[in-house]
Amino acid sequence: MTKRALKRMVREGAFDAGQFDDDAKVRRLPTARGWNPLPHNDERDPGREQGYLKTIKPKSEGQSALIEAIDQKSLVLALGPAGTGKTYLAIAKAVEALEAGRVARIVLSRPAVEAGESIGFLPGEMEDKLAPYLRPLYDALSDRLSMKRVRALIQEGAIEIAPVGFMRGRTLNNAFVVIDEAQNCTYVQLKMLLTRLGWSSTMVVTGDPAQSDLLPELSGLAGVAAKLQELPNIAVVRLADRDIVRHPLVAEMLSVL
């Protein structure tokens, strides 16, 4: 091979990219998203895929009442068992309000309470140790926005995710605030969180009093909800087993566990 031919191969590339076209077509084959164990025409699941819908639709009367309450009230408490869509609906409405320009930021908070297992051995700084607790909030956000957009909004400060302990002393104006897993907050913590509400803001508190990781006498959600439901400007929405939108077995299990 001559020196001139060798230089040409280096400049133009030794391989022709076109020879990989067939392989590229194979790699771009569509993949199934959102596997569902139920048959497509099963009446129990008439198509629940709505991850990319701009406007969410309620799947039960309880969810409809929750969405209506969020639209009308500045403070909403959503109580109900696992799988009723409390967190998902709250974050979806928060994203909707941010996209429409009704609020300037979203603030998501969650208590860092261990569910029977210690994470003190996890490596990293404080933020790294708190990441597993806050992961469910990231999952709900990424279902409504692309993960790239979520990261960009977090960097801009338009979305903030913080543990409950970081909320003391703040006033949250022009924000949509979601307090998740509130059954793991004490009465004092909930009182502190509720009084963070500022002007032009909406706050949604979600939780299941029956699934607290605290001792029964320490969880303050049930007591706070009982007192606040007497106030006309605050909505307390109680979801039930019939509002569960996860696998039908979840509702069956919760009825006996």
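Buried means under 20% relative accessible area, and exposed means over 50%, with partly exposed in between. That cut-off is needed for K93, which counts as buried at 6% relative accessibility. All the views below show a predicted model.

**View 1. The whole protein, with 9 helices and 6 strands.** The chain has 257 residues, and buried residues make up 39% of them. Its exposed area is about 15,800 Å². Carbon and sulfur atoms supply 54% of that area. Take the contacts with a separation of 6 or more: 75% of them join residues 24 or more positions apart.

**View 2. The largest nonpolar core, built from 34 residues.** Six residues have the most contacts inside this core: L66, V76, L108, L141, I159 and F176. Helix α4, residues 86-100, gives the core its largest share, with 8 residues. Another core lies apart from this one and has 23 residues. Among its members are L172, A175, V177 and M192. In soluble globular proteins, nonpolar side chains tend to be buried together.

**View 3. L66 and its contacts.** L66 is one of the residues with the most contacts inside the largest nonpolar core. Which residues does L66 touch, not counting those up to four places away in sequence? They are V76, A78, K86, L89, V237 and L239. V76 is also among the core residues with the most contacts.

**View 4. Strands β2 and β3, paired in the parallel sense.** Strand β2 covers residues 105-110, and its pairing with β3 runs over 5 bridges. I106 stands opposite I159, a residue of β3. How many of the 5 residues of strand β3 are buried? The count is 4, so strand β3 (residues 159-163) is largely enclosed by the rest of the structure. I159 also appears in View 2, among the residues with the most contacts inside the largest nonpolar core.

**View 5. G80, in the loop between β1 and α4.** Strand β1 spans 75-79. Is G80 buried or exposed? It is buried, because its relative accessible area of 4% falls under the 20% cut-off. Leaving aside neighbours within four places in sequence, G80 is in contact with K86, G207, D208 and L239. Both K86 and L239 are touched by L66 as well. T206 is 126 residues away from G80 along the chain, yet their C-alpha atoms are separated by 8.1 Å.

**View 6. A salt-bridge network that links D71, K93, E96 and R102.** The protein has 8 salt bridges in total. In one of them, the side chains of K93 and D71 meet at 2.8 Å, N to O. K93 lies in helix α4 and D71 in helix α3 (residues 61-72), so this pair ties together parts that are 22 residues apart in sequence. K93 also meets E96 in a salt bridge, at 3.2 Å, N to O. E96 and K93 both lie in helix α4 and are 3 residues apart, about one turn of the helix. E96 in turn forms a salt bridge with R102, and the closest N and O atoms of that pair are 3.7 Å apart. E96 is partly exposed at 24% relative accessible area. R102 is partly exposed too, at 48%. Side chains of opposite charge can pair when their charged atoms come close.

**View 7. K93 and its surroundings in helix α4.** K93 is buried, because its relative accessible area is 6% and the cut-off is 20%. Which residues does K93 touch, not counting those up to four places away in sequence? They are I56, I67, I70, D71 and F176. D71 is its salt-bridge partner from View 6. F176 is among the residues with the most contacts inside the largest nonpolar core.

**View 8. A nonpolar surface patch of about 460 Å².** Four residues make this patch: L249, M253, V256 and L257. Helix α9 spans 248-256, and L257 sits in the segment after α9. L257 counts as exposed, because its 79% relative accessibility is over the 50% cut-off.

Note on methods:
Residues are numbered from 1 along each chain as its sequence is written. This is a predicted model: local features need pLDDT of at least 70, side-chain atom pairs count only at pLDDT 80 or more; totals for chains, interfaces and linings use all residues. Side-chain values use heavy atoms; hydrogens and water are left out. A nonpolar core is a set of buried Ala, Val, Leu, Ile, Met, Phe, Trp, Tyr and Cys residues joined through side-chain atoms within 4.5 Å. Buried means under 20% relative accessible area, exposed over 50%, partly exposed in between (1.4 Å probe, protein chains only). Helices (H or I, at least four residues) and strands (E, at least two) are DSSP runs, numbered from the N terminus. Contact means heavy atoms within 4.5 Å. Two strands pair if DSSP finds at least two bridges between them. Patches are made of residues with over 30% relative accessible area and no salt bridge: like charges are joined within 9 Å, nonpolar side chains (Val, Leu, Ile, Met, Phe, Trp, Tyr) within 5 Å. Accessible areas come from the Shrake-Rupley method with a 1.4 Å probe; for residues, only the protein chains shown count as cover.
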